[in-house]
Amino acid sequence: MKKTALIVTILSVLGTLAYAGSAEVSGKEMKQVAPPPPPSCFDWSGPYVGLFGGYKFSSVDPNLTLEGDWEESGLRDFRQRVDSAGSQDLDNDGGELGGLVGYNWQSGCLVFGFEAAGGYLWARDSHDSGTIFSDTEFDNAQVRTSFKTHYLFTLAPRFGYAFGKWLPYVTGGLAVGDLDFSQHVDLTFPREGRIASEGGEERQTNAGWMVGGGLQYALCGNWSIRAQYQYIDLGNIQFDSNFRNPDFRDFPAHHDVQLREHNASVAIMYQF
């Protein structure tokens, strides 16, 4: 009896040790999991203002179309040469200076913002064809063309992803600017001592579109700098004209110009 009790006791102890050993190596014990580290990117959220300066290249494409009696067979070659003289590109470049204001929202390293900017432009050009010689009833012709744009405003969202203190982003939205277009066609009659002229000037504000991108970098304190590129399409401006001389009432002309811009700028910005 004592032998039986001793055997039962030994088996119980061995079973307890075996269970304890298996639990020790089972790997099912509770372990504390450390929370993930916060994202390592600068906080761009909040309002900001800034000043910018840049370089602008304007693609300006005038188009002169002479119609009515200009299309008579005897004037065909002369008309084509006058058309061509009035359709010469007025591409130009110049500086831009302005200011901006915006606001950013941030989730992790994703940044969404909205920005309004406006600047004054030094972008203008003109072209004088000189004398266009004629072998028709007219003696000679001359075409004078000029184009200016003075200001540009943009209003657009921004989408970016922050890497440390760097913020690359893309943008696109509304662009508003002015187009100032002037063109005149002069016909000379030396024997009669007079000049017949048609043409005019048109100026209007156009709403177009803009798309671009940039790279912003956080400096010390609340200051940052950025470089940005924009492609802008401001559409066209057009008008019709005719000679005031009653002898040339059936010689109408159509004047048209299109404006597209490439803007590169650098800005200094302060975030509140």
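Reader: What makes Glu 115 count as buried?
Author: Glu 115 has a relative accessibility of 8%. Buried means under 20% relative accessible area, exposed over 50%, and partly exposed in between (1.4 Å probe, protein chains only). So, at 8%, Glu 115 counts as buried.

Reader: What sort of model is this?
Author: It's a predicted model, where local features need pLDDT of at least 70 and side-chain atom pairs count only at pLDDT 80 or more, while totals for chains, interfaces and linings use all residues. Residues are numbered from 1 along each chain as its sequence is written, and side-chain values use heavy atoms, with hydrogens and water left out.

Reader: Why are Arg 226 and Glu 115 called a salt bridge?
Author: The term asks for a side-chain nitrogen of Lys or Arg within 4 Å of a carboxyl oxygen of Asp or Glu. Here the N to O distance is 2.8 Å, so the pair fits the rule. Arg 226 sits in strand β8 and Glu 115 in strand β3, so the contact ties together parts 111 residues apart in sequence. Strands here are DSSP runs of E, at least two residues long, and helices are runs of H or I, at least four long, numbered from the N terminus. Arg 226 is buried as well, with a relative accessible area of 5%.

Reader: How do you know that Asp 186 and Arg 144 form a salt bridge?
Author: Their side chains meet at 2.9 Å, N to O. Asp 186 lies in strand β6 (residues 166-189) and Arg 144 in strand β5, so this pair ties together parts 42 residues apart in sequence. Asp 186 is buried at 9% relative accessibility, whereas Arg 144, at 34%, is partly exposed.

Reader: Which residue forms a salt bridge with Arg 79?
Author: That's Asp 83, with the closest N and O atoms 3.5 Å apart. The two are 4 residues apart in helix α2 (residues 76-85), which means about one helical turn separates them. Both Arg 79 and Asp 83 are buried. The structure holds 7 salt bridges.

Reader: What makes an empty space a cavity?
Author: On a 1 Å grid over the protein atoms alone, a cavity is a set of points where a 1.4 Å probe fits but cannot get out. The count comes to 2 cavities of 30 Å³ or more. The largest holds about 170 Å³, a volume being the space filled by probe spheres set on the points, which are joined across faces, edges and corners.

Reader: How many residues line the largest cavity?
Author: There are 17, and Glu 115 is one of those nearest its centre. A lining residue has an atom within 4 Å of a point. β5 (140-161) is among the strands that supply at least two lining residues, and β5 gives the most, with 6.

Reader: What classes line the second largest cavity?
Author: Its lining has 3 nonpolar, 4 polar and no charged residues. Ala, Val, Leu, Ile, Met, Phe, Trp, Tyr, Cys and Pro count as nonpolar, Asp, Glu, Lys and Arg as charged, and the others, Gly among them, as polar. So Trp 44, Tyr 48 and Met 269, which are in this lining, count as nonpolar.

Reader: How do you know that β6 and β7 pair?
Author: Two strands pair if DSSP finds at least two bridges between them. β6 and β7 (residues 194-218) have 24, in the antiparallel sense, so they pass the rule. β7 and β8 also run antiparallel, joined by 10 bridges.

Notes
On a 1 Å grid over the protein atoms alone, a cavity is a set of points where a 1.4 Å probe fits but cannot get out, and a pocket is an open set with protein on both sides within 12 Å along at least five of seven lines; lining residues have an atom within 4 Å of a point.
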